[in-house]
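Colleague: I have a structure to go through before setting up calculations. Can we take the backbone, the ligand shells and the sheets in turn?

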Amino acid sequence: MGDGTTVILDENGTKRALTRIAHEILERNKGVSDLVLVGIRTGGVHIARELALRLEEIEGESVAVGEVDITLYRDDIKGHASHLPVGKTDIPFSLEGKKVVLVDDVLYTGRTIRAAMDAVMDHGRPDSIQLAVLIDRGHRELPIRADFVGRNVPTSQKEIIQVQFNDESRPVDVLLQK
Ligand SMILES: O=P(O)(O)OC[C@H]1O[C@H](OP(=O)(O)OP(=O)(O)O)[C@H](O)[C@@H]1O
Ligand SMILES: O=c1cc[nH]c(=O)[nH]1
């Protein structure tokens with residue numbers, strides 16, 4: 001783009017990556033029975049909804065989608081959390097005996113995912129938790145890895161990955177900003 005921005009995934013590339021992840025989730029879990037998705041606000045929720053659409057299209061069965069907001073759980077903002085806007089965690093179904101697929105748009109240090117696992121476990125006791133992300137940009141600070149990855153993108157710590165969504169919260173593309 002000439003301004004230090006590179007398109008990592010265009011709209012079709014993003015769609016294909018999400019479709020592949022949906023197939024991988026189905027293969028790993030042998031279908032959608034007992035499967036639920038939990039998206040991490042805000043980008044992860046949009047990606048979770050995209051995956052749910054695809055799972056339903058492929059299997060002909062709907063998959064529940066919950067949402068977690070991990071603002072209060074993040075270990076690097078403790079003490080400051082009261083100054084931050086706190087969103088709603090909305091998991092309107094039981095997690096007992098479920099296979100939870102946590103969904104986020106970008107995986108970076110892993111702190112968001114650690115916090116999201118806390119939030120999920122506070123809500124119930126699922127059989128298992130798996131992780132699906134559209135982009136893994138590396139630089140983990142915790143022993144966390146994703147089970148399903150749209151694209152691995154080697155980055156420097158100065159760079160930023162931006163997953164863009166349109167007004168209907170559908171993913172448009174993924175940019176790398178230097
Ligand atoms: O692995 P980590 O270092 O924790 O970083 C990854 C998180 O950072 C971004 O969230 P952000 O807080 O920017 O919220 P957003 O989804 O609303 O953009 C991204 O959506 C992940 O949730
Ligand atoms: O580059 C990054 C890092 C964390 N979260 C993002 O959305 N982008």
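The questions below go through this predicted model.

Colleague: Which peptide bond is cis?
Modeller: Most peptide bonds are trans. Here one bond has omega near 0°, and its second residue, T42, sits in the loop between β2 (35-40) and α2 (43-59). The cis bond runs from R41 to T42.

Colleague: Where is D34, and what is its phi?
Modeller: D34 lies in the loop between α1 (11-29) and β2. Most residues other than glycine have a negative phi. D34 is not glycine, yet its phi is positive, near 65°.

Colleague: Is D34 buried or exposed, or in between?
Modeller: The count of other C-beta atoms within 10 Å decides this. Buried needs 20 or more, and exposed means 12 or fewer. D34 has 13, so D34 is partly exposed.

Colleague: Which residue in the loop between β7 (160-165) and β8 (171-177) has a positive phi?
Modeller: The residue is not glycine, and its phi is near 65°. It has 13 other C-beta atoms within 10 Å, so it is partly exposed. It is S169.

Colleague: Which residues come nearest to ligand 1?
Modeller: The shell around ligand 1 holds 13 residues. The elements that give two or more of them are α2, β4 (99-107) and α3 (111-123). The nearest are T42, G43, Y108, T109 and T112.

Colleague: Which element gives the most to that shell?
Modeller: By class, the residues around ligand 1 divide into four nonpolar, six polar and three charged. The leading element gives four residues. That element is β4.

Colleague: Which residues surround ligand 2?
Modeller: By class, the shell has four nonpolar, no polar and one charged residues. R137 is in this shell, and Arg counts as charged. The full set is V106, Y108, R137, I160 and I161.

Colleague: What does the UniProt record say about residues 100-112?
Modeller: The entry is unreviewed. In the model, the span is 15% helix and 62% strand, and its end C-alpha atoms lie 16 Å apart. The record's annotation for these residues reads "short sequence motif: PRPP-binding".

Colleague: What is the handedness of the crossover from β4 to β5?
Modeller: β4 and β5 (residues 128-136) pair in the parallel sense over eight bridges. Between them the chain passes through α3. The β-α-β crossover is right-handed.

Colleague: Which residue in β5 stands opposite D104?
Modeller: D104 belongs to the parallel pairing of β4 with β5. Its opposite residue in β5 is V133.
The β5 strand also has a parallel pairing over four bridges with β6 (residues 148-152). There A132 stands opposite F148, while the residue opposite D104 is V133.

Colleague: Which strands stand at the edges of the antiparallel three-stranded sheet?
Modeller: This sheet is open, in the order β1-β8-β7. Two of its strands have a single partner each, so one side of each is left without a neighbour in the sheet. The twist averages 30° from one strand to the next. The edge strands are β1 (5-9) and β7.

Colleague: What is the bridge partner of T5 in β8?
Modeller: β1 and β8 pair in the antiparallel sense. Four bridges join them. The partner of T5 is Q177.

Note on methods. Residues numbered from 1 in each chain as written. Chains lettered and ligands numbered in written order. Predicted model: local features only at pLDDT ≥ 70, side-chain atom pairs only at ≥ 80, totals over all residues. Near = placed C-beta within 6 Å. UniProt positions renumbered as here; feature names shortened; annotations may be inferred. Pairing = 2+ DSSP bridges. Right-handed = clockwise from strand over helix to strand, strands pointing away. Axes fitted to C-alpha atoms, helices over the stretch in contact; angles between N-to-C directions.
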